[in-house]
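Please read the following points with the model open beside you. They go through single positions before turning to the chain as a whole.

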Amino acid sequence: MAQPTVEGFREVRVRTEALAAPLSAEDQVVQSMPDCSPTKWHRAHTTWFFETFVLVPHVAGYQLVEPAYAYLFNSYYVTVGPRHTRTERGMITRPGGAEVAEYRRRVDDAVLDLLAGDGGDDPVVTTLVELGLHHEEQHQELLLMDAKHLLAQSPLLPAYDPDLAGPSTGDPGPDRWVDHPGGVVEIGHGGRGFAYDNESPRHEVLLAPFELADRTVTCGEWRSFVDDGGYRRPELWLSDGFATVTELGWEAPAYWHRDGAGWQVFTLGGLRPLAPHEPVVHISYYEADAYARWAGLRLPTEAEWETVTAPLAAEAVPGGFLDPSVLHPRPAGPALGGPPRQLLGEVWEWTASPYVAYPGFRPAAGAVGEYNGKFMVNQHVLRGGSCVTPLGHARPTYRNFFPPAARWAFAGLRLARDPDGVGVGAPAPTN
């Protein structure tokens with residue numbers, strides 16, 4: 001958990017450096033696509049966040065480590081000042097990795113001094129430090145997502161860490177369905193513990209009765225969709241989705257590679273045979289929606305997902321979060337008649353819900369208010385966390401969001417249906 005204490009601060013900051021360590025200096029500079037950032041940039045930007053929002057306002061006479069970093073490592077905080085073009089972060093060869101490490105060390109020392117002194121008792125300071133730690137945990141996940149995308153561009157398909165645990169073979173068994181009677185329910189953060197502003201305010205939602213699958217869709221099930229021509233059937237796709245499939249030539253999830261009549265999957269541990277019982281991962285919203293239509297079912301709304309998950313969160317937490325020895329989704333355990341499986345961890349789950357403000361939403365005051373609200377357009381909500389998400393983000397109200405064509409996130413899907421067993425569209429073939 002990201003706690004605004006000396007120990008909590010050290011834990012998060014050390015973890016970032018440990019996650020970067022398997023990557024070479026060359027790996028840490030390159031930007032593989034506009035949506036990704038170099039590892040070195042992630043390390044520096046998270047440091048800039050603490051320097052800008054914690055140290056400058058709250059340490060008398062604080063001097064910036066290097067004034068130019070305020071331009072190089074600002075991300076999208078327009079009110080803070082100008083920033084380097086996002087698509088050209090890979091051109092920042094200087095400062096080098098050692099200089100970024102020194103930047104982190106000096107800012108860490110200043111924050112630790114602040115927390116050990118009067119700042120540790122100042123709720124304004126500790127609130128900002130807590131936000132900065134959760135922000136850094138988000139960038140830890142992005143660091144791994146972006147590193148995987150980068151390594152996948154090489155014809156050598158090099159592993160981030162060849163010693164990661166190998167493919168999982170456990171069979172989760174068929175789907176079970178968990179029913180909910182619907183009615184007026186409350187969703188959103190209740191005010192206890194940390195949450196981002198987009199998780200509030202808590203509010204009422206009217207739900208029709210529904211059923212939620214008790215596990216996520218597997219690679220083997222997704223292969224049936226591929227083999228049935230799912231990527232070539234326009235009737236299954238939203239118009240923008242099929243246009244994207246056609247333009248980009250998609251024929252399977254990201255990181256799937258044909259191997260004769262079968263498939264291999266590129267992971268952070270390298271190229272592996274497709275494991276049919278593992279959750280499918282690295283799919284876009286468009287693909288998730290098309291699969292659900294092919295199956296004669298639908299995606300859950302975020303309110304449906306949260307309503308089922310919130311009462312079970314304590315039981316659901318043992319799912320796979322950021323485990324540096326694994327970093328890949330694992331199959332659901334056997335169904336034993338208990339709560340739905342994999343609700344938290346393994347893969348982010350696309351929902352049918354667009355990313356919009358909750359009723360009564362107000363962004364945080366000041367520059368940190370640019371954190372979430374300004375992105376509430378052209379995105380869809382994902383829930384649950386993934387195998388590269390830090391455990392500090394394991395809460396039912398957490399709202400992740402990505403554009404509908406994004407595939408480099410560790411995203412999969414869980415299906416939903418109405419009580420009569422029908423979702424949307426035609427059912428999948430039975431042969």
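1. In this predicted model, Q379 has a relative accessibility of 12%, and because the cut-off for a buried residue is under 20%, Q379 counts as buried. Q379 lies in the loop between β8 and β9, and, if residues up to four places away in sequence are set aside, Q379 touches P354, Y355, F401, F402 and P403.

2. N378 is found in that loop as well, between β8 (348-354) and β9 (380-383), but with 64% relative accessibility N378 counts as exposed. The backbone of N378 also deserves a look, since phi is near 60°, a positive value in a residue other than glycine. Most residues other than glycine have a negative phi.

3. Another residue with a positive phi is H282, which is not a glycine and has a phi of about 65°. Is H282 buried or exposed? H282 has a relative accessible area of 1% and is therefore buried, and its place is in the loop between β7 (270-273) and α8 (285-294).

4. Two peptide bonds should be inspected by eye. Most peptide bonds are trans. R94 and P95, however, are joined by a cis peptide bond with omega at about 10°, and P95 lies in the loop between α3 (69-72) and α4 (97-116). A cis peptide bond also joins S200 and P201, here with an omega of about -5°, and P201 belongs to the loop between β2 (183-187) and β3 (203-207).

5. Where does E251 lie, and what does E251 touch? E251 is in the loop between α7 (239-248) and β5 (256-259), and, at 40% relative accessibility, E251 counts as partly exposed. Apart from neighbours within four places in sequence, E251 is in contact with V226, Y231, R258 and W263. With R258 there is a polar contact, made from side chain to side chain at 3.4 Å. As for V226, the C-alpha atoms of E251 and V226 are 7.2 Å apart in space, while the two residues are 25 apart in sequence.

6. T246 is located in helix α7, and its relative accessibility of 54% means that T246 counts as exposed. A polar atom of the T246 side chain lies 2.8 Å from the backbone oxygen of F242, so that the side chain of T246 can be followed in the model to the backbone of F242. An α-helix has 3.6 residues a turn, so residues three or four places apart point the same way. Between T246 and T216, which are 30 residues apart along the chain, the separation of the C-alpha atoms is 26 Å.

7. How many of the eight residues of helix α9 are buried? Eight of the eight residues in α9, which covers residues 302-309, are buried, and the helix is therefore largely enclosed by the rest of the structure. The buried residues of α9 include the glutamates E302, E304 and E306, and W305 is also one of them.

8. L327 occupies a place in the loop between α10 (313-316) and β8, and counts as buried because its relative accessibility is 2%. Leaving out residues up to four places away in sequence, L327 touches L144, Y160, L164, L268, L322, C387, V388 and F410. For L327 and L164, which are 163 residues apart along the chain, the C-alpha atoms are separated by 7.4 Å.

9. Turning to the whole chain, the protein has 10 helices and 12 strands, and 56% of its 431 residues count as buried. A compact globule of 431 residues would have a radius of gyration near 22 Å, and the protein agrees with this because its own value is 22 Å. Along the principal axes, the C-alpha atoms fill a box of roughly 70 × 50 × 40 Å. Of the contacts with a separation of 6 or more, 80% are between residues 24 or more positions apart.

10. Regarding the surface and the charges, the protein exposes about 17,700 Å², of which carbon and sulfur atoms supply 56%. There are 34 positive and 54 negative side chains, and the centres of these two sets lie 2 Å apart.

Methods
Residues are numbered from 1 along each chain as its sequence is written. Side-chain values use heavy atoms; hydrogens and water are left out. Helices (H or I, at least four residues) and strands (E, at least two) are DSSP runs, numbered from the N terminus. The radius of gyration is taken over C-alpha atoms; the globule rule is 2.2 Å times the number of residues to the power 0.38. Buried means under 20% relative accessible area, exposed over 50%, partly exposed in between (1.4 Å probe, protein chains only). Contact means heavy atoms within 4.5 Å. Accessible areas come from the Shrake-Rupley method with a 1.4 Å probe; for residues, only the protein chains shown count as cover. Lys and Arg count as positive and Asp and Glu as negative; His and the chain ends are not counted. The place of a charge is taken as NZ of Lys, CZ of Arg, CG of Asp or CD of Glu. A polar contact is a pair of N or O atoms within 3.5 Å; within protein, one must be able to donate a hydrogen and the other to accept it, and residues adjacent in sequence count only if both atoms are side-chain atoms.
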